[in-house]
Amino acid sequence: MRDLAKKLQPPCASPKRGLPWELKYNYVRGQMTTLFKGFLYAIREEYGAAAALKITEKMWRFKDRVKNMINTFLSVFEIQGNDLEKLAEFWDVYWEIQGSEAIILERSKTINRTKITKCPWSTPDPKDISGWCEIWANIVSESINPKISTKRLKGMCAGDPYCEYVWRIED
């Protein structure tokens with residue numbers, strides 16, 4: 001019986017290589033953006049741009065995926081409140097994790113204007129699905145406070161050299 005048990009044991013695990021966390025992080029981040037863009041382009045190619053955007057939004061809203069992610073971020077980074085300052089703090093953390101570069105143009109309790117100069121999620125070709133990031137930003141805003149409105153003035157995905165977003169909160 002022991003001989004049978006030895007034969008049925010799985011092979012030994014591969015040796016740990018001690019890979020640096022930065023390498024692991026860059027790999028995962030790169031794969032997330034590559035897979036997302038790949039799905040977005042594949043859906044667009046098969047069903048059209050409108051369907052790709054509709055499915056993307058549906059996926060993010062399904063079982064409150066984005067809202068749950070936002071709540072995790074807010075909890076882990078101890079971001080309190082539900083105003084524009086909270087939203088701005090969320091974006092600061094999110095962009096740093098994603099490897100984006102952003103410049104704060106204006107920030108107060110009623111308005112947040114930001115210029116994004118580097119974004120790993122940029123999908124510059126084709127431009128007809130460039131609205132995906134506006135959908136994403138709207139869901140993030142809604143998750144923090146439904147009174148926050150989001151507007152993209154410029155977008156790298158739409159062919160502009162940078163993205164510019166304006167967030168406002170209704171009184």
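## A cavity, a pocket and a buried arginine

The largest cavity here has a volume of about 180 Å³. Keep in mind as you look around that this is a predicted model. Count the cavities of 30 Å³ or more and you get 1.

So who sits around that space? The lining is made up of 15 residues, and W95, I116, C119, C133 and Y165 are the ones nearest the centre. Three elements each give two or more residues to this lining: α5, α6 and β4, the last of these running over residues 163-169. The biggest contributor is α6, with 4 residues. Chemically, the wall is nearly one-note, with 14 nonpolar residues, 1 polar residue and no charged ones.

Let's stay with the cysteines for a moment. You'll find 0 disulfides in this structure. C133, one of the residues nearest the cavity's centre, has the sulfur of C157 as its nearest cysteine sulfur, 4.5 Å away. A disulfide needs two cysteine sulfurs within 2.5 Å, so C133 is not in one. C163 is in no disulfide either, and its nearest cysteine sulfur, that of C133, is 5.7 Å away. Both of these cysteines are tucked in: C133 is buried at 7% relative accessibility, and C163 is buried with a relative accessible area of 6%.

C133 also leads us to R152, since C133 is among the residues that R152 touches. You can find R152 in strand β3, which covers residues 148-154. Is this arginine buried or exposed? It counts as buried because its relative accessible area is 13%, and the cut-off for buried is under 20%. What does its side chain reach? One partner is the backbone oxygen of S130, at 3.1 Å. Another is the side chain of E134, joined to the R152 side chain by a polar contact of 3.4 Å. Leaving out residues up to four places away in sequence, R152 also touches C157, A158, E164 and Y165, among others.

Now for the open space. The largest pocket has a volume of about 340 Å³. Five helices each give it two or more lining residues: α2 (21-47), α3 (49-61), α4 (65-76), α5 (84-98) and α6 (132-144). The largest share, 3 residues, comes from α4. Among the lining residues are the tryptophans W60, W121, W132 and W136, along with M32, F36 and Y94. By class, this lining has 10 nonpolar residues, 1 polar and 1 charged. R65 and Q98 are part of this lining too. If you're tracing the helices, note that α5 and α6 also help line the largest cavity.

Technical notes. Residues are numbered from 1 along each chain as its sequence is written. This is a predicted model: local features need pLDDT of at least 70, side-chain atom pairs count only at pLDDT 80 or more; totals for chains, interfaces and linings use all residues. Side-chain values use heavy atoms; hydrogens and water are left out. On a 1 Å grid over the protein atoms alone, a cavity is a set of points where a 1.4 Å probe fits but cannot get out, and a pocket is an open set with protein on both sides within 12 Å along at least five of seven lines; lining residues have an atom within 4 Å of a point. Grid points are joined across faces, edges and corners, and a volume is the space filled by probe spheres set on the points. Ala, Val, Leu, Ile, Met, Phe, Trp, Tyr, Cys and Pro count as nonpolar, Asp, Glu, Lys and Arg as charged, and the others, Gly among them, as polar. Buried means under 20% relative accessible area, exposed over 50%, partly exposed in between (1.4 Å probe, protein chains only). A polar contact is a pair of N or O atoms within 3.5 Å; within protein, one must be able to donate a hydrogen and the other to accept it, and residues adjacent in sequence count only if both atoms are side-chain atoms. Contact means heavy atoms within 4.5 Å.
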